[in-house]
Amino acid sequence: MTQPFLLDRRRFLLGAAPAVTIAALGVSACSKTSGHPDPPTYSPTYFSAAEWAFVNAAVGRLIPAEGTGPGGLQAGVPEFIDRQMELPYGHGAYFYMKGPFRSDSPATLGYQLRYSPREIYRLGIAAANLATQESRGQAFALLAPDDQDSFLERMEKGDVRFPSVPASVFFGQLLGNSREGFFADPLYGGNRGMLAWQWIGFPGARADFTDWLDQAGRAYPYGPVSISGARA
Amino acid sequence: MAERKKPVDAVIIGYGWTGAIMAKALTDAGLSVVALERGPELDTSPDFEYPRIADELKYGVRGDLWQPLAQETVTVRHTVNDVAVPYRKYGSFIFGNGVGGAGVHWNGMVWRVSPEDLRFRSHIEQRYGKAFIPKDMTIQDYPVTFGELEPHFDHFEKVCGVSGIAGNLRGHIRAGGNPFEGARADEYPTPPLPAIYFGQLFDKATAELGYKSFPLPAANSSVAYTNPYGVRLGPCNMCGFCERFGCFLYSKASPQTTILPILADRKNLEVRTGAYVTKILQDKTRAMATGVSYIDENGREVVQPADLVVLSAFQLHNVRLLLLSGIGTPYDPGSGKGVVGKNYAYQMSSGTGVYFSEDVEINPFIGAGAAGKRAIDEFNSDHYDHAQLGFIGGSLILAGGTGGRPIEQMMLPPGTPAWGTGWKAAVRKHYRHSAPIGTLGSVMSYRDRYLSLDPTYTDAHGLPLLRITFDWHDNETRMAAYTASKIEEIVRAMRPEKQATMLIRPGDHYDVRFYQSTHTTGGATMGSNPSNSVVNRYSQSWDLPNLFVYGASAFPQNFGGAPTGLLAGLAYFSAAKIRDTYLKSPGPLVPA
């Protein structure tokens with residue numbers, strides 16, 4: 001199997017510095033802007049209150065409400081991440097986790113830390129909050145959106161030192177899970193109402209294009225369905 | 001004390017494609033056969049049922065059908081002087097797990113090698129001179145010809161209901177097919193699926209440049225089809241959940257959808273899942289295999305005696321089991337002596353993103369692993385003159401995505417922000433209006449690229465992991481750059497808004513973090529004598545004549561394409577010889 005195209009993302013993640021400046025917006029991502037009902041309230045199982053505040057704030061900047069389409073908070077991405085932490089994935093069960101751990105090996109040889117995803121969050125959030133506390137006098141979630149963005153940029157580039165999990169590793173984990181929560185089937189708690197699928201035009205779990213095989217070049221007209229059978 | 005099972009005529013290690021092929025062949029011949037599979041039982045129902053299978057996170061990202069790396073993985077290093085570290089998370093390649101093996105989650109691309117791929121060293125030496133091949137390049141010829149394998153390629157294509165168009169039918173070049181393929185005795189069993197829209201754009205652009213594009217041969221049947229064993233497949237609906245997934249529609253060929261249904265009630269076949277083979281056993285004189293030792297699903301050690309041992313696990317696992325069993329001489333890159341682990345190779349891939357304006361509706365979610373795609377073969381193998389190019393080999397160039405699944409397959413131009421409003425704007429702009437052109441490029445074998453046991457890391461049972469020593473050589477990066485320049489010309493003819501090619505450049509190191517290809521090859525190569533190979537032309541071990549080894553581990557180097565067509569052809573070729581000669585008079589089929 002081959003999708004060499006995925007190399008794209010490597011160049012892109014390693015090479016490009018985001019050149020976005022986002023106007024400071026104090027908008028709550030949960031505000032009723034697109035006619036969707038308020039998302040149900042969700043109480044985190046894994047994350048503490050302080051961690052939950054961080055995850056919500058970070059997701060709100062990684063996939064912001066402003067601009068085109070839904071935001072990550074509206075789509076339930078934090079709930080997705082919290083639920084993942086309690087699954088075998090969160091505990092690192094999908095990974096080979098035997099030592100010795102040689103974290104000095106070349107980055108091209110892949111992840112070599114001893115931490116499971118849930119440990120990465122626990123250590124990463126604590127380190128991030130400590131760093132913003134020192135530099136700005138506040139936890140990350142309390143910073144202005146502009147300041148949150150610039151701190152996220154520093155984590156992304158590894159320009160801020162964390163004591164255990166490197167900032168760029170934590171950032172990669174957070175961004176990866178945020179995209180997963182945005183685009184995965186709603187059964188995992190994110191992509192609420194299939195908002196992300198509707199927005200980009202992905203038909204979700206339809207998984208049958210017999211009726212469109214001879215319609216090449218014409219936009220596929222049907223909205224998404226989910227694994228549970230919901231339509232949007 | 002290990003439990004000792006009743007002896008059987010044959011034991012099969014690994015129940016994927018070649019395991020299923022051999023299970024049929026050996027039970028057809030009346031042998032009592034036990035097939036051992038380390039993973040679970042898997043079947044279309046209930047394991048691949050719609051709608052649960054249409055779950056990108058579970059199957060496409062987490063990989064619930066893949067071998068759990070926590071149990072066993074490999075280690076990787078770039079050079080013989082480095083310390084290898086474990087492949088802890090999936091990236092570069094993906095192992096199958098369970099009945100059907102990687103034949104469950106594969107792309108379904110059934111590719112025939114070019115005739116010259118099977119005699120690549122001789123071919124290159126004859127055309128360009130001996131000095132054209134670098135000294136550290138250890139490529140060699142297969143000890144079997146295209147003509148000998150053709151009937152078996154043909155049979156496998158019919159077993160799978162492969163959809164395609166013949167380009168060379170008994171020497172006649174036919175419009176619409178691949179004019180570079182070796183002569184075929186017969187047409188593909190089912191017609192190609194309709195080209196996806198991007199495939200049509202590719203057809204037009206390549207035609208303008210004088211290339212002959214053709215439907216990528218796909219083990220996705222295009223019609224209701226009954227294979228030679230009487231097993232029925234249904235037409236593919238291009239669902240977009242193909243590679244990395246099991247097929248819910250009985251369209252993509254897998255052992256489950258083509259061979260296993262007729263084996264289900266055979267009294268002389270027993271399939272044991274959850275059986276993790278740790279060793280191929282030998283007699284005291286190390287002249288014969290006597291069976292295998294495995295750990296069953298309850299953690300008990302079991303010995304299964306057998307007169308014939310079929311090693312049909314994944315390529316890397318085949319090599320590891322030979323090394324763990326002490327069969328053959330491990331390869332030593334210092335002296336160049338030894339053969340087990342020698343000539344490990346991989347696939348050189350590049351990707352070109354083609355970004356159209358928003359009035360071009362690509363519908364990227366309509367796709368399947370190989371079906372609906374278009375390809376050109378002009379720059380593959382030795383189909384073009386390499387005299388002035390400074391490299392050998394080439395790439396198959398393929399157009400089209402496989403499902404536009406938004407977590408894994410979101411295509412955005414380089415330079416796009418990875419998050420924030422800039423990322424959102426790019427997602428909205430490009431998702432439905434972009435498509436990839438990919439390559440499957442050859443990788444030669446080299447003296448310093450090989451497989452061995454890792455000295456440090458172990459599997460869940462405490463046995464050494466396999467260690468991969470691999471990095472790119474200039475021959476391959478030059479080849480990739482040349483191919484990419486041809487792709488860029490094709491894309492320009494499509495007049496998109498933007499294009500961007502990502503390729504591995506000279507000096508780039510092999511990067512395990514990103515999926516490239518599961519086409520890992522070599523390590524138990526096929527050759528003309530015991531000093532250059534592990535098995536003979538019939539896939540028979542030179543060391544133990546009652547051990548047969550199947551899979552891409554036999555490839556002396558890798559070609560531009562996909563391995564399943566060739567490895568299945570080699571298995572059927574071997575099966576015929578076992579039936580006609582070996583079973584009547586067991587012993588070496590080729591004098592050493």
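Let me start with H123(B), in this predicted model. H123(B) has 18 C-beta neighbours inside 10 Å, so it counts as partly exposed. Burial would take 20 or more such neighbours, and 12 or fewer would make a residue exposed. As for its place in the fold, H123(B) belongs to helix 5 of chain B, which covers residues 120-128.

What does H123(B) touch, once residues up to four places away in sequence are not counted? The answer is E116(B) and D382(B). I also have a distance for H123(B) and D141(B): 8.9 Å from C-alpha to C-alpha, with their positions 18 residues apart in sequence.

Now to chain A. The chain has 232 residues, and 47% of them are buried. Its secondary structure consists of 7 helices and 0 strands, so the pattern along the sequence reads α-α-α-α-α-α-α. On contacts within chain A, take the ones between residues at least 6 apart in sequence: 59% of these join residues at least 24 apart.

Next, the interface. On the chain A side, 69 residues are in contact with 81 residues of chain B. Which elements of chain A give two or more residues to that side? They are helix 1 (7-15), helix 2 (49-62), helix 6 (167-183) and helix 7 (195-200). Helix 1 gives the most, with 7 residues. By residue class, the side of chain A that touches chain B divides into 42 nonpolar, 13 polar and 14 charged residues. A general remark for those who prefer areas: interface size is often given as the accessible area lost when the parts come together. What I have quoted here is residue counts, 69 on chain A and 81 on chain B.

One residue of chain A to finish with, Q112(A). Where is it placed? Q112(A) sits in the loop that runs between helix 3 (77-85) and helix 4 (117-136) of chain A. Is Q112(A) buried or exposed? Neither label applies: with 17 C-beta neighbours inside 10 Å, Q112(A) counts as partly exposed.

Setting aside neighbours within four places in sequence, Q112(A) has contacts in both chains. In chain A, these are F101(A), R102(A), S103(A) and S105(A). In chain B, they are V85(B) and R88(B). For a longer span, consider Q112(A) and F202(A), which are 90 residues apart in sequence. In space, the C-alpha atoms of Q112(A) and F202(A) are 35 Å apart.

Notes:
Residues are numbered from 1 along each chain as its sequence is written. Chains are lettered from A and ligands numbered from 1 in the order in which they are written. This is a predicted model: local features need pLDDT of at least 70, side-chain atom pairs count only at pLDDT 80 or more; totals for chains, interfaces and linings use all residues. Helices (H or I, at least four residues) and strands (E, at least two) are DSSP runs, numbered from the N terminus. Two residues are in contact if their C-beta atoms, placed from the backbone, lie within 7 Å. Ala, Val, Leu, Ile, Met, Phe, Trp, Tyr, Cys and Pro count as nonpolar, Asp, Glu, Lys and Arg as charged, and the others, Gly among them, as polar.
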